[in-house]
Amino acid sequence: MKGWNTGTWDNLPDSTVAFTYIDWKTFEPSDQDFTSARIENQPAMDWWLNRPGTNNRHIVLRVICQWDGGETKIEQLSCPSWLMPKVSLLTGQNTPGQWGGTSVDFNDPDFIAQAEEMIAALGAKYNNDPRIYAIQLGLLGYWGEWHAYQFKTSSGAQGYPIATETKSRILAAYKKAFPNKLLMGRYLNDSVLGKDARIGYHNDYFWPSHGHNNDFEFSVGEKWKQGPIGGETPPDPKGNEFYNNGIGLQSIKNAHYSTMKPGGFYRGPFDPTKHSEQQRLEREEYVKAHKLMGYNFQIEQAVFPTSVLKGTSVLPVALDINNIGIAPFYYDWDIELALLDQSTNTLVQSVKSTQKLTSLAPNQKNTISVNVPIGSTLKGTYSVAIRIAQPGASTAKAAAWKLDARNTYIQFANQMTVIDASWNASNALQGGWSVLGNVTIP
């Protein structure tokens, strides 16, 4: 749940997060049609979530209704065709068929009412889906970015004005439908979004050379503490533009980005027989940026006895953990301490800490203390291990999560032995443990 994300455009092996758009008409092809069969079959929702770029990763999802204003027919829109006879497709002064030529009337009462119904259905389906990392509010404006700046009204005014009431109702609908998921809005200083203290933000186009300034990263303030900061670099920056003098890394630090889509610079594995020196430098900086984003948990000290007296019932373990990253982890995943069989690396005993993972703020050292139970039948030397895992991952379940097992636990910023994770026949997570040391039980 951090670093460069992937999606429709490519399939980066480094990425554990993916971003995808989905057309409203894909989710609701006919009015009130939210049946599971329709959603789960191609070319509907799960097809979008399981393409090569998004398969097995946590998803940042955004529903859209219009792309760039170049649509002149309702069939070209991402809005459902059944909706558009009730809602106007406005034509402005720009050239039809080009960016900003048209705009859906997002303030239309029928649009808002139907959008609220769709969002409720979306939440019923995906509020508890373990694949979903965050929901971007989307839906309004071009690309679901809550603006239509390119549109010029018939009176000559620049931009379609999305009303405050429209934004408020859409935000309220998302918050009601997704109480268990992170939400992300487009603009920090929006009259509606800027007042909410429980959402993150996505910055989808920036850098002065592309006609924008970097105000976003200097306006984030403390908002990164309430929700994740994400977005994308410009579609095709040159590698030296992003990496020159560490500008890209500084942007990530300033805004406390957790994840974002990379631009057109080189980011694949480096092969000296095929790639240039510039590509090597870009790859190096790509990896630095990938690791810099989001959280980084480092165990600074682990204290526990390496042997216990016969009959001892618990093993006390105290850990000093420092988040050396630039953002928190935004969900409370389970912090587990365990004893593992050394020959098979299988779980023998475990206990969950009461410490909330979201409390591990950047540059804040935390001590986690637990007593791992020692069963009366245990004898010999066992591995003492820790795992931060997605809630429910290790329980048996009828349906697979469609996540790579590696994406359901967190590795630490330490050099230490890690037991690889996998799904067993019951769709329960096995492994994912980081070994702290050994304890001998007589």
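# Close-up views of a predicted model

**Figure 1. A salt bridge within helix H9 of the predicted model joins lysine 288 and glutamate 285.** The side chains of lysine 288 and glutamate 285 meet with a nitrogen-to-oxygen distance of 2.9 Å. Because the two residues lie three places apart in helix H9, about one helical turn separates them. Lysine 288 is partly exposed, with a relative accessibility of 44%, whereas glutamate 285 is buried at 14%. Side chains of opposite charge can pair when their charged atoms come close. The structure contains 14 salt bridges by the rule applied here. A network of salt bridges links Glu277, Arg280 and Glu284.

**Figure 2. Aspartate 14 and arginine 283 form a salt bridge between distant parts of the chain.** The closest N and O atoms of aspartate 14 and arginine 283 are 3.3 Å apart. Aspartate 14 belongs to the loop between strand E2 (6-7) and strand E3 (17-23), while arginine 283 belongs to helix H9 (residues 277-292). In sequence, the two partners are 269 residues apart. Aspartate 14 is partly exposed, with a relative accessible area of 26%. Arginine 283 has a relative accessible area of 15% and is therefore buried, the limit being under 20%.

**Figure 3. Glutamate 145 and arginine 186 form a salt bridge between two loops.** The closest N and O atoms of glutamate 145 and arginine 186 are 3.1 Å apart. Glutamate 145 is located in the loop between strand E7 (132-136) and helix H5 (164-177), and arginine 186 in the loop between strand E8 (182-185) and strand E9 (200-203). The pair links distant parts of the chain, with the two positions 41 residues apart in the numbering. Glutamate 145 is buried at 9% relative accessibility, and arginine 186 is also buried, at 6%.

**Figure 4. Seven strands form an open sheet with parallel pairing.** The strands follow the order E2-E3-E4-E7-E8-E9-E10. E2 and strand E10 (229-231) stand at the edges; each has a single partner strand, so one side of each lacks a neighbour in the sheet. Within this sheet, E7 and E8 run parallel and are joined by three bridges. Isoleucine 135 stands opposite leucine 183, a residue of E8.

**Figure 5. Glutamine 32 and leucine 139 have positive phi angles.** The phi angle of glutamine 32 is near 70°, a positive value in a residue other than glycine. Glutamine 32 lies in the loop between helix H1 (24-27) and helix H2 (36-40). Leucine 139, likewise not a glycine, has a positive phi of about 70°. Leucine 139 is placed in the loop between E7 and H5 and is buried, with a relative accessible area of 0%.

**Figure 6. The side chain of tyrosine 331 reaches the backbone of tyrosine 133.** Tyrosine 331 occupies the loop between strand E13 (314-323) and strand E14 (334-341). Tyrosine 331 is buried, with a relative accessible area of 14%. The side chain of tyrosine 331 comes to 2.6 Å from the backbone oxygen of tyrosine 133. Apart from neighbours within four places in sequence, tyrosine 331 is in contact with Met1, Ile132, Tyr133, Asn180, Lys181, Leu182, Leu357 and Thr358. The C-alpha atoms of tyrosine 331 and glutamine 390 are 8.8 Å apart in space, and these two residues are 59 residues apart in sequence.

Methods:
Residues numbered from 1 in each chain as written. Predicted model: local features only at pLDDT ≥ 70, side-chain atom pairs only at ≥ 80, totals over all residues. Heavy atoms only, no water. Salt bridge = Lys/Arg side-chain N within 4 Å of Asp/Glu carboxyl O. Helix = DSSP H or I, 4+ residues; strand = E, 2+ residues; numbered from the N terminus. Buried < 20%, exposed > 50% of the residue type's maximum accessible area, 1.4 Å probe, protein only. Pairing = 2+ DSSP bridges. Contact = heavy atoms within 4.5 Å. Polar contact = N/O pair within 3.5 Å; in protein donor to acceptor, adjacent residues only side chain to side chain.
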